[in-house]
Amino acid sequence: MRVRLRTPDTGEVKEMIVQRDVMPTMMYSARSRMGSLKDISPNRAVYYDSGLSITMPQSMGDVWCLNNAARSCRNLEGDIAEAGVYYGSTARLLMRFFDGTNKTIHLFDTFDTMPPAGENDIAEYWHPKTGLSVERVLALLQDYNRAGLVRTYKGLFKDTLHNVNDKKFCFVHIDCDLYGGCRDALEFFYPRVVQGGAILIHDYDTTAFPGILKAVDEFFAYKSDLRVSNRYGFHHVVVKR
Ligand SMILES: C[S@@+](CC[C@H](N)C(=O)[O-])C[C@H]1O[C@@H](n2cnc3c(N)ncnc32)[C@H](O)[C@@H]1O
């Protein structure tokens with residue numbers, strides 16, 4: 001359906017095509033619990049202080065899903081981790097959703113060029129990005145870094161994850177697009193997630209990133225944790241039993 005929304009800044013009314021049943025709820029949640037939207041246009045909305053570029057309704061569904069899962073984990077023991085940070089947009093959202101908990105967020109990425117696609121990935125969807133850096137991410141997170149709550153680990157997951165060997169996690173966000181990174185992150189984090197904690201894997205069951213579905217389904221094939229896909233976004237949510 002077509003939704004008409006008033007842009008907070010200018011009062012301009014714009015239209016957006018959204019899923020009929022859920023989108024109004026998500027828009028309400030987004031504006032009341034997560035802040036306001038700077039701009040909403042038919043194909044593009046920018047969450048006002050995260051730098052997250054929301055280019056389709058599913059992206060708003062991702063924010064909604066991250067927020068809900070984070071709220072469920074706020075009172076659990078353990079830190080937060082993200083494997084696949086890019087410019088830090090979702091890291092900033094997580095800092096916001098866990099604000100007030102004093103939990104440390106551990107951020108893993110090459111913070112440089114992206115790793116090459118492997119045989120389980122579709123290379124044509126995987127475009128090397130430029131301009132990634134730890135400094136850029138820390139600048140985006142600076143409001144939340146005052147208490148030293150942000151730790152960055154630069155390099156391939158397989159070479160950096162050992163730095164948090166001794167940590168427990170209540171919430172892990174895996175958003176790396178590629179089979180190898182997703183497998184490495186799942187193998188490392190799963191045993192370190194506390195009972196009731198969540199692992200959110202982005203791009204599960206998307207045509208562009210088939211390696212993610214393969215890595216997740218292989219890893220959880222013989223496990224009995226609760227697994228739910230958010231059909232209004234791209235996240236697969238695993239709740240550790
Ligand atoms: C889709 S972007 C992350 C987007 C970010 N979560 C957001 O929404 O703002 C994927 C990131 O994963 C990183 N990445 C993929 N595989 C990796 C690996 N094996 N080791 C380290 N970083 C990896 C890339 O460098 C890239 O920055």
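What follows is a chat between a biologist and a modeller about how the labels on this predicted model are earned.

Biologist: Ground rules before we start: how are the residues numbered, and what has to be true of a feature in this model?

Modeller: Numbering starts from 1 along each chain as its sequence is written. The model is predicted, so local features need pLDDT of at least 70 and side-chain atom pairs count only at pLDDT 80 or more, while totals for chains, interfaces and linings use all residues.

Biologist: How many helices and strands are there, and what makes something a helix or a strand?

Modeller: The protein has seven helices and 12 strands. They are DSSP runs, numbered from the N terminus: H or I over at least four residues for a helix, E over at least two for a strand.

Biologist: What makes β6 an enclosed strand?

Modeller: Burial. A residue is buried if 20 or more other C-beta atoms lie within 10 Å of its own, exposed if 12 or fewer, and partly exposed in between, with C-beta atoms placed from the backbone. In β6 (residues 79-83), five of the five residues are buried, so the strand is largely enclosed by the rest of the structure. For the whole protein, buried residues make up 41% of the 241 residues.

Biologist: Which way do the β6 residues point?

Modeller: Asp79, Ala81 and Ala83 point one way, Ile80 and Glu82 the other, and all are buried. That fits a general pattern: in a regular strand the side chains alternate between the two faces of the sheet.

Biologist: How do you know that β6 pairs with β9 and β7?

Modeller: Two strands pair if DSSP finds at least two bridges between them. β6 and β9 run parallel and are joined by five bridges, and β6 and β7 are parallel too, with four bridges, so both meet the rule. To pick out some partners, Asp79 is bridged to Phe169 in β9, and Glu82 to Leu107 in β7.

Biologist: Why is the unit of β6, α3 and β7 called right-handed?

Modeller: The word means that, with the strands pointing away from the viewer, the path from the first strand over the helix to the second runs clockwise. β6, α3 and β7 make a β-α-β unit of that right-handed kind.

Biologist: Why is Tyr86 called buried?

Modeller: Tyr86 has 20 other C-beta atoms within 10 Å, so it counts as buried. This residue lies in the loop between β6 and α3. Leaving aside neighbours within four places in sequence, Tyr86 is in contact (C-beta atoms, placed from the backbone, within 7 Å) with Asp109 and Leu132.

Biologist: And Leu156: what puts it in the category it has?

Modeller: Leu156 has 14 other C-beta atoms within 10 Å, so it is partly exposed. It sits in the loop between β8 (150-154) and α5 (157-160). Not counting residues up to four places away in sequence, Leu156 touches Thr110 and Pro115.

Biologist: What makes the phi angles of Asn102 and Asp177 worth a mention?

Modeller: Asn102 has a positive phi of about 60° although it is not a glycine. Asp177, also a residue other than glycine, has a positive phi near 70°.

Biologist: Are those two residues buried or exposed?

Modeller: Asn102, in the loop between α3 and β7, has 8 other C-beta atoms within 10 Å and is therefore exposed. Asp177, in the loop between β9 (169-174) and α6, has 22 and is therefore buried.

Biologist: What makes a set of residues a nonpolar core?

Modeller: The members are buried Ala, Val, Leu, Ile, Met, Phe, Trp, Tyr and Cys residues joined through C-beta atoms within 7 Å. The largest one here has 58 residues, and Leu94 and Cys182 touch the most other members. Helix α2 (residues 57-73) gives the most to this core, with eight residues.

Biologist: Which residues come nearest the ligand, and how do you know that a residue is near?

Modeller: A residue is near if its C-beta atom, placed from the backbone, lies within 6 Å of the molecule. Of the 20 residues around the ligand, Gly84, Tyr86, Ser89, Cys176 and Gly181 come nearest. The elements giving two or more residues to this shell are α3 (89-97), β7 (105-109) and α6 (179-189).

Methods: Contact = placed C-beta atoms within 7 Å.
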